[in-house]
Amino acid sequence: MSETIGKVVLDDTCYSGEDLYSEGKVEEELLSIAQNCDGEKDYNAVIAEKKSWSVLYHFSHVRHNLLSWIPFTRKDKILEIGSGCGALTGALAAKAGSVTCIELSRQRSLVNAWRNREFDNIRIMLGAFEEAEKQLDEQYDYITLIGVLEYAASYTDKKDPYAYMLRTAARHLAPGGKIVIAIENRLGLKYWAGCAEDHVGRLFEGLEGYPQTPERGVRTFSKTELEQLFERAGNFHPVFYYPYPDYKLPFYIYSDRYLPRKGELKMNLNNHDWGRAVLFDESRVFDSLIDNGLFPQFSNSFLIFLEQKD
């Protein structure tokens with residue numbers, strides 16, 4: 001079965017009838033905002049009025065900085081796994097030929113459809129990735145996992161669920177296609193400096209290896225751990241980028257070809273989703289890390305492009 005909101009198609013063929021992931025009542029507010037706002041100016045006004053992390057996170061145009069620099073073309077087909085409320089879907093649809101979304105939550109998909117209702121190249125498939133991917137009948141030039149890979153163990157009982165998810169996604173890549181991942185670095189400097197782990201809200205939880213988090217709960221990874229995962233998953237070649245301050249609200253995207261210079265990293269005190277301690281001057285410590293060639297290991301987040309080796 002399918003329905004349309006504006007020009008967006010929602011396909012519920014694989015939907016279980018229950019949203020398996022939700023932020024609760026705030027999602028009703030997000031849907032109302034999407035239904036009643038028209039464009040970036042309206043969203044910015046609502047963000048200023050609400051002063052809410054959820055509203056900022058889901059509707060800020062700053063989210064687009066993560067992917068807007070990528071040279072998508074009208075020839076490209078994109079698969080967005082875990083599209084959520086569509087914070088990036090519209091930015092993708094504005095440049096690509098088509099965007100196919102897979103999303104567990106019907107409520108979030110409604111937010112996505114309403115905010116992007118003017119696009120005729122978006123299809124949203126409701127349901128779990130393991131089920132929905134069986135219905136895919138195309139190959140994709142880009143497959144995105146933005147804030148998604150860390151939840152892989154929560155939705156499958158497969159051994160090594162993170163490698164399994166990457167291998168499964170890779171089956172749907174067109175020749176020369178790329179998987180694009182955004183994920184927190186569990187050894188990111190902000191966590192040493194006093195920011196709570198993003199997903200569970202506990203200080204030092206990621207740094208200590210998630211001792212209080214269930215085995216099948218959320219997990220983020222260090223740069224070394226990710227490199228090992230990509231090799232294990234299928235001989236992938238990764239190219240790392242370093243969103244700053246993080247991938248959620250990025251103002252700069254650094255790379256191994258252009259790393260930050262001393263004195264550049266000054267936007268460190270904002271931590272919108274959880275409270276934080278301030279244990280040291282992050283800017284000074286970043287300068288020390290830069291001096292010692294260690295910034296990539298302590299970047300707060302990663303943006304990674306994966307291609308399979310020949």
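Let's start with the empty space: about 60 Å³ of it lies in the largest cavity of this predicted model. The structure holds one cavity of 30 Å³ or more. Around the largest cavity sit 14 lining residues, and those nearest its centre are Arg186, Tyr191, Glu197, Gly206 and Tyr210. Sorted by class, that lining comes out as six charged, five nonpolar and three polar residues.

How do you find such spaces in the first place? Rolling a probe the size of a water molecule over the atoms shows where empty space is left.

Now for the pocket. The largest pocket takes in about 1000 Å³ of space. It has 45 lining residues, and Tyr21, Arg108, Gly147, Val148 and Tyr151 are the closest to its centre. Several helices and strands share the job of lining the largest pocket: helices H3 (53–59), H6 (129–132) and H7 (161–170), along with strands E3 (77–81), E4 (98–103) and E6 (140–146), each give at least two residues. By class, the lining of the largest pocket has 23 nonpolar residues, with eleven polar and eleven charged ones making up the rest.

From the pocket, follow H7 over to another helix. Two packed helices are described by the angle between their axes and the distance between the axes. For H7 and helix H9 (residues 223–234), the angle is about 55° and the axes are 9 Å apart. That angle makes H7 oblique to H9, and H7 passes H9 in a right-handed crossing. Where do the two touch? On the H7 side, Tyr162, Ala163, Leu166 and Arg167 make the contact, and on the H9 side it's Leu229, Phe230, Arg232 and Ala233. Between H7 and H9, six of the contact residues are nonpolar, two are charged and none is polar.

The other helix pair to look at is H1 (residues 26–36) with H5 (residues 106–115). Here the angle is about 15° and the axes lie 8 Å apart. Since angles under 35 degrees count as roughly parallel, H1 and H5 are therefore roughly parallel to each other. Their crossing is left-handed. H1 brings Glu27, Glu28, Leu30, Leu31, Ala34 and Gln35 to the contact, where they meet Gln107, Arg108, Leu110, Val111, Trp114 and Arg115 of H5. In that contact of H1 with H5, six residues are nonpolar, four are charged and two are polar.

One residue ties this last stop back to the pocket: Arg108 of H5 takes part in the contact with H1, and Arg108 is also among the residues closest to the centre of the largest pocket.

Definitions and conventions. Residues are numbered from 1 along each chain as its sequence is written. This is a predicted model: local features need pLDDT of at least 70, side-chain atom pairs count only at pLDDT 80 or more; totals for chains, interfaces and linings use all residues. Side-chain values use heavy atoms; hydrogens and water are left out. On a 1 Å grid over the protein atoms alone, a cavity is a set of points where a 1.4 Å probe fits but cannot get out, and a pocket is an open set with protein on both sides within 12 Å along at least five of seven lines; lining residues have an atom within 4 Å of a point. Grid points are joined across faces, edges and corners, and a volume is the space filled by probe spheres set on the points. Helices (H or I, at least four residues) and strands (E, at least two) are DSSP runs, numbered from the N terminus. Ala, Val, Leu, Ile, Met, Phe, Trp, Tyr, Cys and Pro count as nonpolar, Asp, Glu, Lys and Arg as charged, and the others, Gly among them, as polar. Axes are lines fitted to C-alpha atoms, for helices over the stretch in contact, and angles run from 0 to 180 degrees between N-to-C directions. Angles under 35 degrees count as roughly parallel, over 145 as roughly antiparallel, 65 to 115 as roughly perpendicular and the rest as oblique. A crossing is left-handed if the near helix is turned anticlockwise from the far one by less than a right angle, and right-handed if clockwise. Contact means heavy atoms within 4.5 Å.
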